[in-house]
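Me: Hi! I'm new to this one and would love a quick tour. Can you walk me through it?

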Amino acid sequence: MDIQELYRIYQSHPVVTTDSRNCPEGSIFIALKGESFDGNKFAETALEKGCSYAVVDEKEYARPDDGRFILVDDALLTYKELAREHRRQLSIPVIGITGTNGKTTSKELISAVLAEKFNVHHTEGNYNNDVGVPRTLLGLRPEHEIAVIEMGASHPGDIEKLVNYVEPTCGLITNVGRAHLQGFGSFEGVKRTKGELYDFLKAHGGLLFLNESNADLTEMAEQREFDRIITYGQDDTADVQGNVISCAPFLKFSWQSLNTQHPTSNNYEVQTHLIGAYNLDNMLAAITIGLHFGVTPIQICHALENYVPNNNRSQLTETAHNKLIVDAYNANPSSMAAAIENFRLMEVENKMAILGDMRELGEVSDEEHQKIADQLKAAALTNVWLVGEEFGKTHTAFRKFHDVEEVKAEIRRQCPKDHYILIKGSNGIRLFELPELL
């Protein structure tokens with residue numbers, strides 16, 4: 001069955017599931033495989049539960065006498081091609097986002113701003129890989145007027161594969177940093193892979209939104225000689241400019257637009273619900289994109305002031321005993337350094353930091369963890385707990401814990417109170433289990 005024929009079936013059954021535990025009536029089940037599961041084994045169950053069709057890629061699971069089974073060579077490839085075919089039916093702006101840090105926050109902010117004017121479809125959570133992106137694209141409906149699609153990468157070529165299904169009309173890279181180095185091989189590998197979004201936009205006449213204050217991104221854009229570009233940043237040459245006013249503890253900033261197509265006569269101030277001066281770039285990206293698509297400055301400020309994070313990113317959580325800055329979903333050298341610097345600058349007392357290992361750094365892991373330990377000392381932070389085997393190798397006087405269970409035991413013994421506590425580490429360290437104890 002070719003993809004056009006499958007798409008005709010999809011038009012009559014426009015709900016796709018890859019989970020046999022979730023089989024809406026009349027949906028299409030696609031049998032994906034993972035390291036520990038084979039969706040082909042659950043195809044018949046999916047049909048029994050309500051799916052109208054099951055796409056499988058192993059012949060033994062396709063009953064030839066039952067037209068509800070659709071046999072293909074590769075179910076994942078078919079899933080992605082079906083998503084691309086659907087995306088091509090909708091001639092709406094599609095904003096592609098990638099980057100080392102800030103992808104999900106930027107996506108959320110951009111979507112919030114655009115929602116002031118449009119019916120927006122965007123990536124849910126951080127479903128930004130080769131399974132999550134097709135899922136997002138297949139969620140597009142005729143009533144949607146604009147889409148914001150997040151794309152993640154951990155190996156060379158990942159973004160190139162994704163953009164060829166997303167086919168963004170415009171986009172941005174939030175930043176490039178030293179993350180997933182075990183997969184990318186080097187920082188240059190990170191830049192090449194993230195730059196695959198730039199390559200697609202350049203080749204297809206797309207519009208680039210560029211953080212002019214980021215030297216790496218500026219260099220990458222100049223190498224490709226973009227014809228269509230709108231800049232933002234903290235430099236006075238950017239089309240949209242912004243500056244931090246305070247972080248006490250939430251980010252407050254000012255902005256204005258000097259873009260000749262979308263100038264603002266006023267200098268606007270925004271009080272956010274986000275922790276971290278590093279979020280200024282994410283805010284400016286949302287402002288720039290909003291202005292380009294005709295959202296008014298007042299609407300933009302309203303959206304940003306009312307955005308409240310709920311995804312363990314740049315959150316301030318107030319408990320009965322402490323105030324927690326929870327960023328426990330992910331960590332890499334650039335995001336960890338930014339979080340520590342922002343914590344240093346915060347105008348609060350009784351600071352405490354609980355930091356977990358940064359995963360997937362390969363042969364530079366020892367070096368990068370030592371840099372963080374040195375930065376903590378230079379920042380004059382004294383009450384610091386380091387968690388994990390990698391931080392355990394560092395030369396520092398800070399307290400060290402083998403794992404999160406040791407931290408939990410110490411919290412129960414010590415019962416910290418009246419602190420501002422920064423909690424950050426890679427997801428696998430499980431620091432997200434700590435807030436309920438603090």
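What follows is a short chat about a sheet, some hollows and a few single residues.

Me: What kind of model is it, and how are residues numbered?

Reply: It is a predicted model, in which local features need pLDDT of at least 70, side-chain atom pairs count only at pLDDT 80 or more, and totals for chains, interfaces and linings use all residues. Residues are numbered from 1 along each chain as its sequence is written, and side-chain values use heavy atoms, with hydrogens and water left out.

Me: Great. In what order do the four strands of the open sheet come?

Reply: The order is β1-β2-β3-β4, with parallel pairing. At the edges are β1 (16–17) and β4 (69–71), each of which pairs on one side only. Strands here are DSSP runs of E with at least two residues, helices are runs of H or I with at least four, and both are numbered from the N terminus. Two strands pair if DSSP finds at least two bridges between them.

Me: How many bridges join β2 and β3?

Reply: Three bridges, in the parallel sense, link β2 (residues 28–30) to β3 (residues 53–56). Isoleucine 28, for example, has tyrosine 53 in β3 as its bridge partner.

Me: And which strands does helix α3 lie across?

Reply: Helix α3 (residues 75–88) lies across β1, β2 and β3, and runs at about 130° to β2. The angle is taken between N-to-C directions, from 0 to 180 degrees, using axes fitted to C-alpha atoms, for helices over the stretch in contact; contact means heavy atoms within 4.5 Å.

Me: Switching to hollows: how many cavities of 30 Å³ or more are there?

Reply: There is one cavity of 30 Å³ or more, and the largest cavity holds about 30 Å³ of space. On a 1 Å grid over the protein atoms alone, a cavity is a set of points where a 1.4 Å probe fits but cannot get out, while a pocket is an open set with protein on both sides within 12 Å along at least five of seven lines; lining residues have an atom within 4 Å of a point. Grid points are joined across faces, edges and corners, and a volume is the space filled by probe spheres set on the points.

Me: Which helix gives the most to the lining of that largest cavity?

Reply: That is α13 (residues 333–345), with three residues. The lining includes Ile275, Tyr278 and Leu422, and by class it has seven nonpolar, one polar and no charged residues. Nonpolar covers Ala, Val, Leu, Ile, Met, Phe, Trp, Tyr, Cys and Pro, charged covers Asp, Glu, Lys and Arg, and the others, Gly among them, count as polar.

Me: What about the second largest pocket, what is its volume?

Reply: Its volume is about 180 Å³. Among the residues lining the second largest pocket are Asp19, Arg21 and Phe29, and the classes there are four nonpolar, three polar and two charged.

Me: Now single residues. Is glutamate 196 buried or exposed?

Reply: Glutamate 196 is buried, at 14% relative accessible area; buried means under 20%, exposed over 50%, and partly exposed in between (1.4 Å probe, protein chains only). Glutamate 196 sits in helix α9 (residues 196–203). Leaving out residues up to four places away in sequence, glutamate 196 touches Gly157, Asp158, Ile159, Glu160 and Val163.

Me: And where is alanine 380?

Reply: Alanine 380 is in the loop between α14 (365–378) and β17 (384–387). Alanine 380 has a positive phi of about 60° although it is not a glycine, and is exposed, with a relative accessible area of 60%.
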